[in-house]
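Me: I should like to learn how burial and salt bridges are read from a structural model. Please take me through one case.

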Amino acid sequence: MSKLIIGSHVSMSAPKYYLGSVEEALSYGANTLMIYTGAPQNAIRKPVSELNIEEGRKLLLEHGIDENKIVVHAPYIINIGNKLNPPTYESSKDFLVQELKRVAAFGLSILVLHPGSHLKNGIEIGLTSIVEALDEVFSRDGTDVKIALETMAGKGSEVGSRFEEIQYIIEHTKYPHRLGVCLDTCHISDAGYNVHDIEGILKTFDETIGLDKLLVLHINDSKNERGARKDRHANIGYGEVGFETTHAYIKHPLLMHVPKILETPYINGKPPYKIEIEMLKSGQFKEGWVEKFDN
């Protein structure tokens, strides 16, 4: 049986930067991780030469962690879904090229990207804008890094809350081999899919996009009822998705090779990932664990 590949978002801050990110992931009992190459809310970036990349890679190697299963998340400020706003559209493409190059500098191969928002201009404009932007970005970046388009909750004018929208992007780009998908358990529930019908979800995904395109799972519970289109993550076992369903996803035979990344909320300012990973590995939910977490 394949080994469970599970980790979480981790910080990357001074003075250790990437080395510190790997150390944090290991402290949670993780064998994968997800980072941002800089703050997700702005375009300020330190040179990769200052980020202790080789030290981090060495520690990964010592612990037998596969770099091909490590994930980078693109900053939230990128929006390639609205070409009717040229300044934002052009800067987003430039920034995305830069981020792909930074991912390659880490020796990594997966960048998760929110597809974008059409900003009330309509889904057709959103999809066309995204395809055109990705074609330009892939023609310029000079890397082999794959972009995993994230399934979205559908809030506002987000593109990507339906599998068909993501498939349209993949099908119409000139570089389909450079694209995959990040499936988020909170987001698909908030978007209206029956997250508890795992076999049905995977069948629909496979028929629409293809399971071979599934590169990452974001493992999150949801504070919202199905179809709320709000995107508010909950800790594992404390939301609509629930522990049993979440555990079934991470242990599903068709998904064992896919890295699973927790993005659940901090509790009293502290990351909950060690206990969440322990519970998911064991399959045993600890009743009241959030309430007891800081005691």
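Me: Which residues of helix H5 are buried?

Reply: Buried means under 20% relative accessible area, exposed over 50% and partly exposed in between (1.4 Å probe, protein chains only). Helices (H or I, at least four residues) and strands (E, at least two) are DSSP runs, numbered from the N terminus. In H5 (residues 163–172), the buried residues are Phe163, Glu165, Ile166, Gln167, Ile169 and Ile170. Their cover includes helices H4 (123–140), H6 (185–190) and H7 (198–208), together with strands E5 (146–150) and E6 (179–184).

Me: On what basis are such statements made?

Reply: This is a predicted model, in which local features need pLDDT of at least 70 and side-chain atom pairs count only at pLDDT 80 or more, while totals for chains, interfaces and linings use all residues. Residues are numbered from 1 along each chain as its sequence is written, and side-chain values use heavy atoms, leaving out hydrogens and water.

Me: How many salt bridges does a search of the whole structure find?

Reply: Side chains of opposite charge can pair when their charged atoms come close. A salt bridge requires a side-chain nitrogen of Lys or Arg within 4 Å of a carboxyl oxygen of Asp or Glu. The search finds 17.

Me: Where do lysine 93 and glutamate 90 lie?

Reply: Both belong to helix H3 (residues 86–105), 3 residues apart, about one turn of the helix. Their side chains form a salt bridge (3.1 Å, N to O). Lysine 93 is buried at 5% relative accessibility, whereas glutamate 90 is partly exposed at 37%. A salt-bridge network links Glu90, Lys93, Asp94, Glu136 and Arg140.

How values were computed:
Contact means heavy atoms within 4.5 Å.
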